[in-house]
Amino acid sequence: MFHLKNHVLKENLDLNTKDFNKQIDILVFDQDTVLSHINTALKDLSNYQFTLHNSTDNEEFKRMIKSLKPGIIISELHLNEVDGKEMLNYCRMVYPDIPYIIFSSHSCNKSALHFLELGAADFLTKENILALPATIYKVLRQSFEKHQIKEAKKQRWEDAQRFKGLIEHSFDPVITYNDSGEITYASPAIKRVLGYNVEEFIGTNVTKHIHPEDLIKRESKFKKLIQSSNSYATIDEERLLHKDGHYIWVKAIISDGRLIPGIQGFMTNFRDITETVKSKKALEKTLKDLTDYKIALDESSIVGIANLGGKIVYANEELVKISKFTGDELLGSDYRLFNSGEHSILFYLKIWNTISSGQIWKGELKLKAKDNTFFWVNMTVVPFLDNRNKPYQYIVVMRDITLRKLKTIDLHNTVDLLSNQNNRLLNFSYIVSHNLRSHTSNIQNLINYLEQTDDEEEKLEMMQHLKNVTNALDDTMYNLNEVVSIQSGTEMKIEEIPIKALINQVLKVLKSQISKSNAQIEIEVKTNLSVKYNRSYLESIFHNLILNSIKYKHPDRVPKIKIESRTENNFTILSISDNGIGIDLNKHKDKLFGMYKTFHNNNDSRGLGLFMSKNQIEAMGGKIEVSSQVDQGSTFEIYIKQEKPKN
Amino acid sequence: MKSKTLCIIDDDDLYKLLLKKTIKNLETETQVISFANGEEALKGLFELNSNSESLPDIILLDINMPVMDGWEFMEEYLNNKNIFSKKMTIYIASSSIANHDIQKSKSFKEISGYLVKPIFKDTIKNLIDEKVLL
């Protein structure tokens, strides 16, 4: 049994001792004479290299153990009065891992048992030296196995420490709990996230920490997890109650650990995502606010969005409503769709230049709806800029100001009317102070003479003058009365008057003047053109203007008179142009239409025609304009208000 | 007393006739010349300018006249003031009693006074005697 075959030993020992030292020091506590016997005996264990050391002094022996750390100690039972028991006790206490073999010259079963009880690895008598290799092998094996167990234990402990550390120092908390929800473990991170100490958290119920509103979701997830074959379930967002009383947002993963030893329940690890959820909620709120703003804007204003090319890409209900176009008609169109003709191309160009440079444009515009009616808007165009501050689209926000605008226009008209009336009043005051008073001052003068002279002949002369002045005064009074009746608009009969027929009638009256001056008259008026007017006014106006053109003909040319018509902004405009001597408007424009104003030395001038015509035209709600160049000719334009289109 | 020349610029023939009569009745040596409107007056005065003696001492200027009225005459006169070799005293003589006419006459420092027609004997006598206080 002790003669083990080398190869068996070799095999066994080699297989398991990869890291085990094969250089083995053996410390022998005995006479050196015994060393050669041991050496011989150890030859059977040729896979090992044994180095034998020996000592017979117990103090030296202790020092040698310490310095040598031998793999095996072989000791005599008693040596030099030293009790082997004492040495064994020492070794067992200080170096318990070193196998201690008693190799005794004495055989005593009682002692052997005793030593083995004290921890000796084996007890061998020297007679039985042949068994030494087997004993050594056994001891080495035991030592090796012991070593292995120790290593394994150490490894297990390290693993446990590592996993424990992983969990204990993990940033995110991990908890375990049993079937009824009672928490059986919580990692220290619970303090950071929920504010609890581990000890106070363990033993509480999971459901106590979850927001009531999230509990239902949690329970349904939990149920699914148990019923399904999945080992975990994810809860993306859940509110947990912090010890302080506020809720935090977490993302949680529940794992079924009922079959995992040491857990035997459920595991949940969760992450505090409060900040993420908060910013997400804030973003959601911002988005909602933006949506609300858009709704508010859409509800309250007329809104359109145009792309870089000015084409409409969005039109809200209000824009559809006011423009009377359908959404489909609006999309893809540009501003020209609404062009009312009120504003110049330059005006639109200015808007475009402003917004395409990234600036906001604000202003008022008159726009045209689909049914050709007009509406006024207060418009703000805001360019939306990309991160290089270049516009990528334009939002157009408009407010309907048609009513206000019409009122303003009405107000302007009223102001115009008042200032017209004021002008007429001033004109009247001028007439009184110059035209009437010139006569009365002459009368006063004449009477003064009559009183002072005794000369009968002179008296007669003065009487004659007095008669003339009185007649002139009467004429002026008569004319004034006519003007006043025009201005007060009494007995005004309005009728539909065909223009062409009326002009022909006037020309018939002026027949002799025309033929005398050889005047050529050209009429370019639409055959069916007619206006609503007072007939005698219109006759008088044409009469005066045509007569003026003949009166103030150029001495070097045959008079040519052209009568034309056109339409502009609710006005029919009749123009009378001539090639006469013209008027220096720089000098005379202010007085041209005044009463008794004449500008040429012409015996026929009474300074009444244009004054009367102007009054008649204005009484009909129109105006008269003049353009002229000295020596070239004059053009008078009569503006006749068309009937208001019915709203 | 040296004889004076008075110039009437007015389109009212009757007024001119009566004024001339009045001056004649004063039995002074006063000469009277007249023009029908501002433009004719300017032309006439330019012609007379060759002999400063024949330029008038006093001008009675109407406001409301055809072709060139009193105010226009004043502007032309001022533009050519340095051409005239004689200082002429200018009065406005108008039938207008409108305040704005009177005020306007005051805006010309070359206008010495504003006479409201009719102009009677005493007024014209004072004028010629340079005793006018207006």
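**Exercise 1.** What percentage of the contacts in chain A with a separation of 6 or more is accounted for by residues 24 or more positions apart?

*Solution.* Begin with the term: two residues are in contact if their C-beta atoms, placed from the backbone, lie within 7 Å. In chain A, residues 24 or more positions apart make up 56% of the contacts with a separation of 6 or more.

Conventions: residues are numbered from 1 along each chain as its sequence is written, and chains are lettered from A and ligands numbered from 1 in the order in which they are written. The model is predicted, and local features need pLDDT of at least 70, side-chain atom pairs count only at pLDDT 80 or more, while totals for chains, interfaces and linings use all residues.

**Exercise 2.** State the confidence of chain A and locate its low-scoring stretch.

*Solution.* First, pLDDT is the predictor's confidence in each residue, from 0 to 100. Chain A averages 85, with 93% of the residues scoring at least 70. Next, residues 1-19 of chain A have a pLDDT below 50, and this stretch has 15 contacts in the model beyond near neighbours in sequence. Where pLDDT is low, the predicted coordinates should not be read in detail.

**Exercise 3.** Describe where chain B touches chain A.

*Solution.* First, 15 residues of chain B are in contact with 19 residues of chain A. Then, helix H1 (residues 13-25) of chain B gives the most to the chain B side, with 3 residues; helices are DSSP runs (H or I, at least four residues), numbered from the N terminus.

Conventions: Helix = DSSP H or I, 4+ residues; strand = E, 2+ residues; numbered from the N terminus.
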